[in-house]
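Visitor: Hi, I have a structure here and would like to go through it with you. Could you take my questions as they come?

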Amino acid sequence: MTGIGDWVDAAVVATVAVAAQALEREASVLAGGEVGAPFDAPFGAYVPLSSSDSAVQFGIVAEFSDCEGLARILLGMGDGEPFESEGDVADAVGEIANMVAGAIKTRMNAEVPDIVLGLPLCVRGTIQAQGVEQVVTELGLGAMRMHVVVLRSSTHAAKVRSRPAL
Amino acid sequence: MKVLVVDDSKVMRLIVMRTLRQAGFACDVTEAVDGKQALEVIRTAPPDLVLSDWNMPEMTGIELLETLRAEGSPVKVGFVTTEGTAQMRTRATAAGALFLIAKPFTAEHFKAALGSVF
């Protein structure tokens with residue numbers, strides 16, 4: 001049985017690795033790591049990692065301008081170069097979250113061999129996570145800031161919540 | 001060479017096409033947003049190579065490959081995916097995939113994986 005700390009450690013290491021490989025930027029931890037600490041970051045993407053061990057949601061969220069910055073780097077765009085639509089920013093942040101989720105799966109594979117990744121879900125606004133553990137870690141990429149969010153509940157608890165009302 | 005790039009992310013399709021160019025592979029590229037659309041494209045006009053994501057809505061990449069092989073299609077397929085566990089590589093190879101490139105990737109990864117195909 002894993003704890004949320006295992007997932008947070010894997011998420012932070014995986015995010016730093018993806019930042020180095022896909023974005024060619026050095027990411028560093030600025031703050032965070034406290035269970036349940038509040039955060040305010042209005043845009044980002046979450047990817048579910050389901051297994052017999054637990055139900056985890058991994059997210060990368062940030063100010064929209066920082067999400068645009070991440071997307072420009074991923075797409076090789078110039079500073080200030082406009083996007084065709086907000087959807088392109090969401091798509092890019094979703095792909096970054098997706099790559100990190102894949103790296104988390106690889107890192108956690110020895111302990112939890114049956115992890116199944118879901119598809120990225122892009123969000124605007126802060127999600128209200130209830131009945132789950134939540135840890136938020138703030139990372140810096142140059143002038144940009146982003147939050148690595150890990151939400152975790154036991155698989156048993158997740159099944160109970162999804163039971164249809166009688 | 002005709003290449004079909006299959007990914008539900010427009011951004012990732014663009015990055016795959018850019019990486020093909022960076023790796024020095026000259027090709028005519030068409031796109032599909034999931035396995036189901038890719039299957040229709042392949043049945044109509046088979047490409048020389050399919051570069052497919054694994055995890056997609058409607059039809060996953062591995063379902064696409066298994067369907068193609070069940071229909072007797074010999075089209076060459078490689079995966080470009082976020083997941084690179086040993087189990088997935090084994091499953092991909094068993095289904096007939098040529099390679100599995102894990103995201104994030106570089107032009108060097110493409111050269112190494114696709115060099116024998118082009």
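Visitor: Where is Glu58(B) found?
Guide: Glu58(B) sits in the loop between β3 and α3 of chain B. Helices (H or I, at least four residues) and strands (E, at least two) are DSSP runs, numbered from the N terminus. This is a predicted model, in which local features need pLDDT of at least 70 and side-chain atom pairs count only at pLDDT 80 or more, while totals for chains, interfaces and linings use all residues. Residues are numbered from 1 along each chain as its sequence is written, and chains are lettered from A and ligands numbered from 1 in the order in which they are written.

Visitor: What about phi of Glu58(B)?
Guide: Phi is near 70 degrees there, a positive value in a residue other than glycine.

Visitor: Is Glu58(B) buried or exposed?
Guide: Glu58(B) counts as partly exposed, because it has 14 C-beta neighbours inside 10 Å. A residue is buried if 20 or more other C-beta atoms lie within 10 Å of its own, exposed if 12 or fewer, and partly exposed in between, with C-beta atoms placed from the backbone.

Visitor: And which residue of chain A, not a glycine, has a positive phi of about 55 degrees?
Guide: That is Glu24(A). Glu24(A) lies in the loop between α1 (4-22) and β1 (27-35) of chain A. With 10 C-beta neighbours inside 10 Å, Glu24(A) counts as exposed.

Visitor: Back to chain B. What is the strand order in the open sheet?
Guide: The 5 strands run β2-β1-β3-β4-β5 in chain B, with parallel pairing. Two strands pair if DSSP finds at least two bridges between them. At the edges are β2 (28-32) and β5 (99-102) of chain B, each pairing on one side only. From one strand to the next, the twist averages 20 degrees.

Visitor: How many bridges are there between β4 and β5 of chain B?
Guide: There are 4 bridges, in the parallel sense, between β4 (residues 76-81) of chain B and β5(B). Phe79(B), for one, has Leu100(B) in β5(B) as its bridge partner.

Visitor: Which strands does helix α3 of chain B touch?
Guide: Helix α3 (residues 61-70) of chain B packs on the sheet and touches β1 (2-6), β3 (49-52) and β4 of chain B. Its direction makes about 170 degrees with that of β4(B). Axes are lines fitted to C-alpha atoms, for helices over the stretch in contact, and angles run from 0 to 180 degrees between N-to-C directions.

Visitor: What is Ser73(B) in contact with?
Guide: Neighbours within four places in sequence aside, Ser73(B) is in contact with Ile42(B) and Leu68(B). Two residues are in contact if their C-beta atoms, placed from the backbone, lie within 7 Å. Ser73(B) belongs to the loop between α3 and β4 of chain B. Ile42(B) is 31 residues away along the chain, and the two C-alpha atoms are separated by 9.0 Å.

Visitor: Where is the cis peptide bond in chain B?
Guide: The bond joins Lys103(B) and Pro104(B), with omega about -5 degrees. Pro104(B) is in the loop between β5 and α5 (107-114) of chain B.

Visitor: Let's switch to chain A. How many helices and strands does chain A have?
Guide: Chain A has 4 helices and 7 strands. Of its 166 residues, 44% count as buried.

Visitor: How do β6 and β7 of chain A pair?
Guide: Strand β6 (residues 133-141) of chain A pairs with β7(A) in the antiparallel sense, over 9 bridges. β6(A) and β7(A) form a hairpin with 2 residues between them, and Gly142(A) in the turn has a positive phi of about 60 degrees. β7 (residues 144-154) of chain A also runs antiparallel to β3 (residues 54-62) of chain A, and 8 bridges join them.

Visitor: Last topic, the two chains together. How many residues are in contact between chain A and chain B?
Guide: 14 residues of chain B are in contact with 20 residues of chain A.

Visitor: At what angle do α3(A) and α1 of chain B pack?
Guide: α3(A) and α1 (residues 10-22) of chain B pack at about 70 degrees, with their axes 8 Å apart. So α3(A) is roughly perpendicular to α1(B), a term for angles of 65 to 115 degrees. Asp88(A), Asp91(A), Ala92(A) and Glu95(A) of α3(A) make the contact with Lys10(B), Val11(B) and Met12(B) of α1(B).

Terms used. Angles under 35 degrees count as roughly parallel, over 145 as roughly antiparallel, 65 to 115 as roughly perpendicular and the rest as oblique.
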